[in-house]
Amino acid sequence: MILLVSLPIGTPPQTQQMILDTGSQLSWIQCHKKFPRKPPPSSVFDPSLSSSFSVLPCNHPLCKPRIPDFTLPTSCDQNRLCHYSYFYADGTLAEGNLVREKITFSRSQSTPPLILGCAEESSDARGILGMNLGRLSFASQAKLTKFSYCVPTRQVRPGFTPTGSFYLGENPNSGGFRYISLLTFSQSQRMPNLDPLAYTVAMQGIRIGNQKLNIPISAFRPDPSGAGQTMIDSGSEFTYLVDEAYNKVREEVVRLVGPRLKKGYVYGGVSDMCFNGNAIEIGRLIGNMVFEFDKGVEIVVEKERVLADVGGGVHCVGIGRSEMLGGAASNIIGNFHQQNIWVEFDLANRRVGFGKADCSRSV
């Protein structure tokens, strides 16, 4: 499941569908026409129709190759424009030119021109709204003090796409939110496997049913190399755990419903806790799953939603092994485990809040 927001970009605005991603920095829109099959023209941004569009020349400070804001160094293309390439953890790539463009919410409300990517090559027809703590993220450039979203439960009937909510700024529901502080890392603590721009929190443990799993807290914290941090990521579907934690979750699932496991089956190369058969019944046997944070804050995943439908009559516990993603292993709370809760990123106070919600009705 991906979280899509529609944003009015340019002057006059062209509505662009973008994937909300709290795990990455650069926002980019689709500006090219090179698709395997032609998308509807409206899904591609046409720079020639916007009076506020401009390109970043090669002499712009961001185009110095030493700038560490991108996964690959920026470069100068043959038109003397600043070229970027951005790799994502799942192996997808977007590349194109860096540009400036404003987001126009209404006649009286628009952002100043923000630096965005104008993708000429990408693996998805939609753009990305990068919302991490980096200085080039939409949240940082638009000087947001907070933003929040509510992920609806997955579609229950075919052809029905659920709609959630997305707030920039104050959320009228925030009175009931409970907050945990973000962990911050100083320059001197920068470790090779740490993502210092992620929303990193202090997870304390995991419960399944009434059973608190025997996972040391250190499994949820960065080790000396920086691997093992725990982050809240809207752009990741499943939750991923380091082996030390994943193995304990699997052990408990095997204890509860072992005979029903789909033998020798690994979903997407990351999850070997999958089942054929009645998902409701299996979920009932597993029970609620709870992610515990400091200050008694919890994300409770009800037993009815412990399993993800991965197609073909197969259901899997929505947790994968982060070691199988390639790159440094970390713990990632994905959007599957953010269904039906408000998740608020309070940037001014460096904290994340959670609140109960029925997200398909919260608009």
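**Close-up 1. The side chain of Gln-14 meets the backbone of Asp-46.** In this predicted model, the Gln-14 side chain comes to 2.9 Å from the backbone nitrogen of Asp-46. Gln-14 belongs to strand β2, which covers residues 14-21. With a relative accessible area of 14%, Gln-14 is buried, because the cut-off for that label is under 20%. If you would like to select its surroundings, Gln-14 touches Leu-7, Pro-8 and Ile-9 as well as Val-44, Phe-45, Asp-46, Leu-49 and Ser-50, with residues up to four places away in sequence not counted.

**Close-up 2. Asn-97 in strand β7, beside Cys-82.** Here the view moves to strand β7 (residues 93-101), where Asn-97 is found. A polar atom of the Asn-97 side chain lies 3.2 Å from the backbone oxygen of Cys-82. Is Asn-97 buried or exposed? Its relative accessible area is 9%, so Asn-97 is buried. Leaving aside neighbours within four places in sequence, the residues in contact with Asn-97 include Asp-77 and the run Leu-81, Cys-82, His-83 and Tyr-84. Leu-116, Gly-117, Cys-118 and Glu-120 are also in contact with Asn-97.

**Close-up 3. Trp-28 and its partners from elsewhere in the chain.** Trp-28 sits in strand β3, residues 28-30, and counts as buried at 3% relative accessibility. Which residue, 100 residues apart from Trp-28 along the chain, has its C-alpha atom 5.4 Å away? That residue is Ile-128. Ile-128 is also among the residues that Trp-28 touches once those up to four places away in sequence are set aside. The others are Met-18, Tyr-84, Tyr-88, Ala-94, Gly-117, Ala-119, Ser-122, Asp-124, Arg-126 and Gly-127.

**Close-up 4. Ala-202 in the loop between β13 and β14.** The loop holding Ala-202 lies between β13 (200-201) and β14 (203-208). Although Ala-202 is in a loop, this residue is buried, with a relative accessible area of 8%. Ala-202 touches Leu-183, Arg-221, Phe-293 and Asp-294, not counting residues up to four places away in sequence. For a sense of scale, Ala-202 and Thr-15 are 187 residues apart in sequence, and their C-alpha atoms are 37 Å apart in space.

**Close-up 5. Helices α2 and α3 where they cross.** Helix α3 spans residues 279-286, and its axis comes within 9 Å of the α2 axis. The two axes cross at roughly 115°, so α2 and α3 are roughly perpendicular to each other. The crossing of α2 past α3 is right-handed. On the α2 side, the contact is made by Val-253, Leu-256 and Val-257. Ile-282, Leu-285 and Ile-286 take part from α3.

**Close-up 6. The largest nonpolar core, and a second one.** How many residues does the largest nonpolar core have? There are 64, and those with the most contacts inside this core are Ile-206, Ile-286 and Phe-291. Helix α2 (residues 243-257) supplies the largest share of this core, five residues. Zooming in on Ile-286, and leaving aside neighbours within four places in sequence, its contacts include Val-253, Leu-256 and Val-257. Ile-286 is also in contact with Ile-208, Gly-209, Phe-275, Val-306, Leu-307 and Val-317. A second core of 16 residues is separate from this one and includes Leu-56, Leu-62, Cys-63 and Ile-128.

Notes. Residues numbered from 1 in each chain as written. Predicted model: local features only at pLDDT ≥ 70, side-chain atom pairs only at ≥ 80, totals over all residues. Heavy atoms only, no water. Helix = DSSP H or I, 4+ residues; strand = E, 2+ residues; numbered from the N terminus. Buried < 20%, exposed > 50% of the residue type's maximum accessible area, 1.4 Å probe, protein only. Polar contact = N/O pair within 3.5 Å; in protein donor to acceptor, adjacent residues only side chain to side chain. Contact = heavy atoms within 4.5 Å. Core = buried A, V, L, I, M, F, W, Y, C linked by side-chain atoms within 4.5 Å. Axes fitted to C-alpha atoms, helices over the stretch in contact; angles between N-to-C directions. Parallel < 35°, antiparallel > 145°, perpendicular 65-115°, else oblique. Left-handed = near helix turned anticlockwise from the far one by under 90°.
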